[in-house]
Amino acid sequence: MSRRGTLLLVLFAVLVGGSFAVRRGGASDAPDRMWGGFGVTDGHFTRPRAIAIDPQDRAYIVDFAARIQVFDTDGDYLGPTWQTPDYRNGRPSGLGIDRDGHLIVCDSHYHCLRIYDAAGHELRVIRGEFGYISDAVQDRGSGRIFLSEFGDRDRITCLEADGTPVRSWGGSGAGPGQMNRIRALALGPDGLLYAADSCNHRIQVFDLEGGFVREFGEPGTQPGQLSYPYDVAFGPTGELYVSEYGNHRIQKFDTAGKSLGVWGGPGRAPGRLASPWGVAIDSRGGVFVVDTENHRIVKIRF
């Protein structure tokens with residue numbers, strides 16, 4: 001498909017609220033895949049918010065209607081679609097995969113974690129004295145769960161696999177180890193925990209006991225700088241991918257915090273993003289971006 005044809009297709013989909021699936025490659029600014037469109041039927045999205053990919057490369061996506069949908073990594077809808085039990089107070093904003101391959105749903109406004117199988121069956125609920133839960137990850141070795149919170153509590157909390165609290169750390173502020181709306185967590189290949197400290201425009205790195213290790217990023221638009229990092233994910237070769245809500249782009253780093261490139265920029269056309277919330281990586285290194293205000297998922301490689 002020509003670039004002009006692709007642009008016309010996307011423009012038509014945005015205007016009429018329809019679905020689209022563009023599959024192409026080649027130029028560095030062209031996505032490999034793109035799917036979605038505004039709507040509430042299967043395969044459509046209403047401001048998608050988060051994504052998680054399981055070991056079978058099933059992509060789970062939650063949107064502002066509190067719907068969780070399942071796709072393969074080509075963008076084909078697999079089903080089922082389900083919703084959390086109640087969403088009148090707000091919708092989930094974070095997804096993760098536990099060490100058994102089950103989906104962790106951060107039911108943010110209901111202050112709990114919900115664990116689902118691939119068919120949408122709720123397996124268990126983890127409750128505690130939590131604030132707004134933005135994300136959660138599980139360490140495969142110890143089984144411990146790390147979750148990020150903000151609102152009344154700007155902190156990271158560590159739980160045993162059964163939900164028993166172990167420790168919390170953080171506090172509101174801009175100093176090392178302090179936080180201002182941590183939106184996402186990722187466990188690195190170095191055994192450290194990486195946190196998207198969104199309103200401080202940085203990534204903070206901690207050991208699994210809560211000790212501060214380092215930070216990188218500062219406000220700005222240049223490579224190495226960040227604007228509201230909303231999600232973090234590691235690829236199979238160890239690079240860290242960061243979705244920047246404010247800069248409308250994805251940025252890739254090494255674990256020391258050196259920028260290895262950026263992709264995107266504000267806009268509606270293929271190769272552009274509008275306030276991306278989430279990013280996830282499949283087993284083959286495909287990068288999946290939750291292009292929130294464009295109501296679509298974008299798959300890229302860079």
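**Charged side chains in the predicted model**

Asp291 is tucked away in this predicted model: with a relative accessible area of 0%, the residue is buried. Its salt-bridge partner is Arg296, and the closest N and O atoms of the two sit 2.6 Å apart. Arg296 is buried as well, at a relative accessible area of 1%. Elsewhere, salt bridges with shared partners tie Asp107, Arg114 and Glu122 into one network.

As for the model itself, the average pLDDT of the protein chain is 92, and 91% of the residues score at least 70. The weak spot is residues 1–28, where the pLDDT is below 50. That stretch still has 52 contacts in the model beyond near neighbours in sequence. Where pLDDT is low, though, predicted coordinates shouldn't be read in detail.

Back to the charged pairs. The salt-bridge count comes to 16. One of them brings together the side chains of Glu209 and Arg167, at 2.8 Å from N to O. This pair links distant parts of the chain, with the two positions 42 residues apart in numbering terms: Glu209 belongs to the loop between β17 and β18 (212–216), while Arg167 belongs to strand β14 (residues 165–170). Arg167 is not fully hidden; its relative accessibility of 26% makes it partly exposed.

Another salt bridge pairs the side chains of Arg249 and Glu244, with an N to O distance of 2.6 Å. Here, both ends are out of sight. Arg249 counts as buried because its relative accessibility is 8%, under the 20% cut-off. Glu244, at 0% relative accessibility, is buried too.

Arg202 is also worth a look. This residue lies in strand β17 (residues 202–206), and its relative accessible area is 4%, so Arg202 counts as buried. Its side chain makes a polar contact of 2.8 Å with the side chain of Asp197. A polar contact of 3.3 Å connects the Arg202 side chain to that of Glu215. Glu215 falls within the range given for β18 (212–216), whereas Arg202 is part of β17.

Taken together, the charged residues described here include buried pairs, such as Asp291 with Arg296 and Arg249 with Glu244. They also include a partly exposed residue, Arg167, in a pair that links distant parts of the chain.

Note on methods. Residues numbered from 1 in each chain as written. Predicted model: local features only at pLDDT ≥ 70, side-chain atom pairs only at ≥ 80, totals over all residues. Heavy atoms only, no water. pLDDT = per-residue confidence, 0-100. Contact = heavy atoms within 4.5 Å. Helix = DSSP H or I, 4+ residues; strand = E, 2+ residues; numbered from the N terminus. Buried < 20%, exposed > 50% of the residue type's maximum accessible area, 1.4 Å probe, protein only. Polar contact = N/O pair within 3.5 Å; in protein donor to acceptor, adjacent residues only side chain to side chain. Salt bridge = Lys/Arg side-chain N within 4 Å of Asp/Glu carboxyl O.
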